[in-house]
Amino acid sequence: MRERAARAIRDAGIALRPGEEEGIDVADFGLSAFENEGASMLTLVDTERIAVKLIVLLPEQTLPEHWHTAVDGKPGKEETVRVARGELRLYVPGPDSVGRGFVPSEKEPYYTSRRECVLAPGDQRTIREGTKHWLQAGKEGAVVFSFSSYAHDARDPFTDPKVVRVTLLSADE
Ligand code: ZN
């Protein structure tokens, strides 16, 4: 999976240093259905102030709904997603316009944000603190930049109570 994600990143025209591939975090969020609900992520920058990550999604893979809350008195993360390659479906609260994408089967209660934004390479959206959101790749998969204020993703709440921020393959966090 790391190799596959690294290939997708390189195919998006983004260079990787030797060894960076091993740092790709392959997450199934404890749901054990990686191809349906999961994501591969590579952290490029992670300081006290900002974080930059690459999110790699397989064809029609969904990153489950979550939001970013205040942690230890610091405001929650503000996140901007920008598509590098493929189609990204971003879902935020609003009138239900799910059409191109889909809610993972039998997971309706855990995907409450139903306003669909279909993003192409170069498109970006900013997600404010506390706004529920989830992501889904189009038929060809997607490589997406995530720029954010400091990241404490390990503590972000997810709508699906079964989610735990567990990785399939060991990551160094
Ligand atoms: Zn997020």
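Hi everyone, let me start with a pocket. The second largest pocket in this structure has a volume of about 220 Å³, and I should say right away that we are looking at a predicted model. Fifteen residues would be a lot to read out, so here are the ones at the heart of the lining: of the 15 residues that line the second largest pocket, Arg4, Ala8, Leu57, Arg85 and Glu140 lie nearest its centre.

Which elements build that lining? At least two residues each come from α1 (2-11), β3, β5 and β8. Helix α1 gives the most, with five residues. Sorted by class, the lining of this pocket has eight nonpolar, five charged and two polar residues.

Now let's follow the strands from that list, beginning with β3. Strand β3 covers residues 50-57, and seven of its eight residues are buried, so the rest of the structure largely encloses this strand. Who are its partners? On one side of the story we have strand β2, residues 39-46, which runs antiparallel to β3 and is joined to it by six bridges. These two strands form a hairpin, with three residues between them. If you want a spot to click on, try Ser40, whose bridge partner in β3 is Val56.

Keep Val56 selected, please, as it also takes us to the next strand. The bridge partner of Val56 in β8 is Val143. Strand β8 runs from 133 to 149 and pairs with β3 in the antiparallel sense, over eight bridges. Another pair to look at there is Ala51 with its bridge partner in β8, Ser148.

How much of β8 is covered? Of its 17 residues, 13 are buried, so we can call this strand mostly covered. β8 has further pairings to show you. With β5 it pairs in the antiparallel sense over 11 bridges, and within β8 it is Ala137 that stands opposite Leu88. β4 also runs antiparallel to β8, joined by three bridges; there, Thr62 has Gln136 as its bridge partner in β8.

That brings me to the metal. Which residues hold the zinc ion? Its protein donors are His66, His68 and His133, each through NE2, together with Glu79 through OE, and they lie 2.1 to 2.2 Å from the zinc ion. Along the chain, these donors follow the spacing H-x1-H-x10-E-x53-H. Take His68 and Glu79: they are 11 residues apart, and the pair links distant parts of the chain, with His68 in the loop between β4 (62-66) and β5 (79-92) and Glu79 in strand β5.

Are those two buried or exposed? His68 is buried, with a relative accessible area of 2%. Glu79 is buried too, at 5% relative accessible area.

What about the geometry? The angles among the four donor atoms of the zinc ion run from 83 to 172 degrees, and the site is irregular. For reference, ideal angles at a metal are 109.5 degrees for four tetrahedral donors. Why does the site not count as tetrahedral? Because that label needs all angles to lie between 85 and 135 degrees, and here they span 83 to 172 degrees.

So that's the tour: a pocket, a set of paired strands and a zinc site. Thanks for listening, and I'm happy to go back to any of these views.

Methods:
Residues numbered from 1 in each chain as written. Predicted model: local features only at pLDDT ≥ 70, side-chain atom pairs only at ≥ 80, totals over all residues. Heavy atoms only, no water. Buried < 20%, exposed > 50% of the residue type's maximum accessible area, 1.4 Å probe, protein only. Helix = DSSP H or I, 4+ residues; strand = E, 2+ residues; numbered from the N terminus. Pairing = 2+ DSSP bridges. Donors = N, O, S within 2.8 Å, 3.2 Å for Na, K, Ca; no water. Tetrahedral: all angles 85-135°; square planar, octahedral: opposite > 155°, others 65-115°. 1 Å grid on protein atoms, 1.4 Å probe; cavity = no way out; pocket = protein on both sides within 12 Å on 5 of 7 lines; lining within 4 Å. Points joined across faces, edges and corners; volume = space filled by probe spheres on them. Nonpolar A, V, L, I, M, F, W, Y, C, P; charged D, E, K, R; others polar.
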